[in-house]
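Hi,

Here is the structure I said I would pass on. Have a look at it first, and then read on for what turned up.

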Amino acid sequence: MKRQKIILASSSPRRQSLLQSLNLTLPVQIMASNVDESTPDDWSPAKIVEQLSLRKARAVRELLASDKQDHQGSLIIGADTIVVLNGEVMGKPRDEADARRMLGHLQGRIHEVYSAIACVDLLTSREVVSHLATRVHMKPLDSSRIERYVASGEPMDKAGAYAIQGLGATLVDHIDGCYFNVVGLSLSLLSDMLLEFDIQVI
Ligand SMILES: Cc1cn([C@H]2C[C@H](O)[C@@H](COP(=O)(O)OP(=O)(O)OP(=O)(O)O)O2)c(=O)[nH]c1=O
């Protein structure tokens with residue numbers, strides 16, 4: 001049995017276009033699942049993103065279980081991103097008020113963005129998971145600027161209520177670490193992990 005395809009277990013358009021930008025010779029299929037993203041309070045940021053990325057990839061494996069034959073050569077990839085400020089974990093904002101609150105905490109401070117990638121191999125049943133943290137230095141922002149940014153709609157489906165790849169770039173002073181890790185899928189980490197499954201990007 002040979003490697004047939006990669007399945008990205010994600011509904012995030014950012015992750016889809018980042019993976020596609022690698023121009024892999026293997027076909028890429030998108031298959032999102034609905035997983036419960038709640039986690040115990042005592043989990044570290046690294047454990048949260050690693051376990052959630054695994055949960056997403058395993059959920060797709062379960063979806064495929066009924067027609068295993070067709071997917072045996074698949075490598076499933078899941079990913080998860082959170083923002084962490086002084087121990088406070090921020091996922092996606094619940095509403096605009098929550099986005100305002102998150103940006104109010106992040107402005108003028110340094111936070112970390114944790115993103116994990118999980119690879120679940122249907123060929124060998126092997127699972128590999130890893131994460132990176134990137135430090136983001138956000139500019140000081142007054143409340144009217146935060147208000148205008150929230151009104152743009154961009155924060156709503158982003159961890160920490162901003163998108164560094166969009167208008168949010170204007171709110172960031174600088175970062176230490178991998179840029180694509182902030183966007184939600186580190187291509188550097190992903191390429192290293194794919195090599196472990198004999199998939200060469202370049
Ligand atoms: C900090 C930051 C996050 N994000 C996004 C990446 C993720 O899509 C999202 C964090 O939510 P996630 O729960 O990691 O992902 P998701 O629900 O969007 O997609 P899926 O679970 O189906 O893979 O925040 C940005 O796009 N830009 C940024 O600068």
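I'd begin with Ala-9, which sits in the loop between strand S1 (5-8) and helix H1. Bear in mind throughout that this is a predicted model. Ala-9 has 27 other C-beta atoms within 10 Å, so it counts as buried, the cut-off being 20 or more. Setting aside neighbours within four places in sequence, Ala-9 is in contact with Met-31, Ala-32, Ser-33, Lys-56, Ala-57, Ala-59, Val-60, Ile-76, Ile-77 and Gly-78. If you want a distance to check on screen, try Ala-9 to Asp-80: their C-alpha atoms are separated by 10 Å, with the two residues 71 apart along the chain.

Two of those contacts of Ala-9, Ile-76 and Ile-77, come up again in the core. The largest nonpolar core has 50 residues, and Ile-76 and Ile-77 are the ones that touch the most other members. For Ile-76, leaving out residues up to four places away in sequence, the list of contacts is Ile-7, Ala-9, Ala-57, Val-60, Arg-61, Val-120 and Leu-122.

Now the strands. S1 runs parallel to S3, and four bridges join them; Ile-6 stands opposite Leu-75 there. S1 also pairs with strand S2 (residues 28-30), again in the parallel sense, over three bridges. In S2, Ile-6 has Val-28 as its bridge partner, so you can use Ile-6 to find your way into both pairings.

Further along the chain, things turn antiparallel. Strand S5 (residues 110-121) and strand S6 (residues 127-138) pair that way over 11 bridges, with Ser-115 opposite Leu-132 in S6. The hairpin they form has five residues between the strands, and Ser-125 takes a positive phi near 70° in it. S6 is also joined to strand S7 (residues 172-176) by four bridges, and these two run antiparallel as well. Look for Arg-135 and its bridge partner in S7, Asp-176.

Next, helix H5 (residues 143-151). Which of its residues are buried? Ile-146, Tyr-149 and Val-150 are. Viewed down the axis of H5, the buried residues fall within an arc of 100°, so they line one face of the helix. What do they pack against? The buried residues of H5 meet helix H4 (96-106). Ser-144, Arg-148 and Ala-151, on the other side of H5, are exposed. After H5 comes Gly-153, with a positive phi near 85°.

Last, the ligand. It is surrounded by 25 residues, and the closest are Ser-10, Ser-11, Ser-12, Ile-164 and Gly-184. Helix H1 (13-20), strand S3 (74-85) and helix H6 (179-183) are the elements that give two or more residues to this shell. S3 provides the largest share, four residues. By class, the shell has 10 nonpolar, eight polar and seven charged residues. So S3 is worth a second look: S3 pairs with S1 and contributes to the shell around the ligand.

Over to you!

Key: Residues numbered from 1 in each chain as written. Predicted model: local features only at pLDDT ≥ 70, side-chain atom pairs only at ≥ 80, totals over all residues. Near = placed C-beta within 6 Å. Nonpolar A, V, L, I, M, F, W, Y, C, P; charged D, E, K, R; others polar. Core = buried A, V, L, I, M, F, W, Y, C linked by C-beta atoms within 7 Å. Buried ≥ 20, exposed ≤ 12 C-beta atoms within 10 Å, placed from the backbone. Contact = placed C-beta atoms within 7 Å. Pairing = 2+ DSSP bridges. Arc of directions from axis to C-beta.
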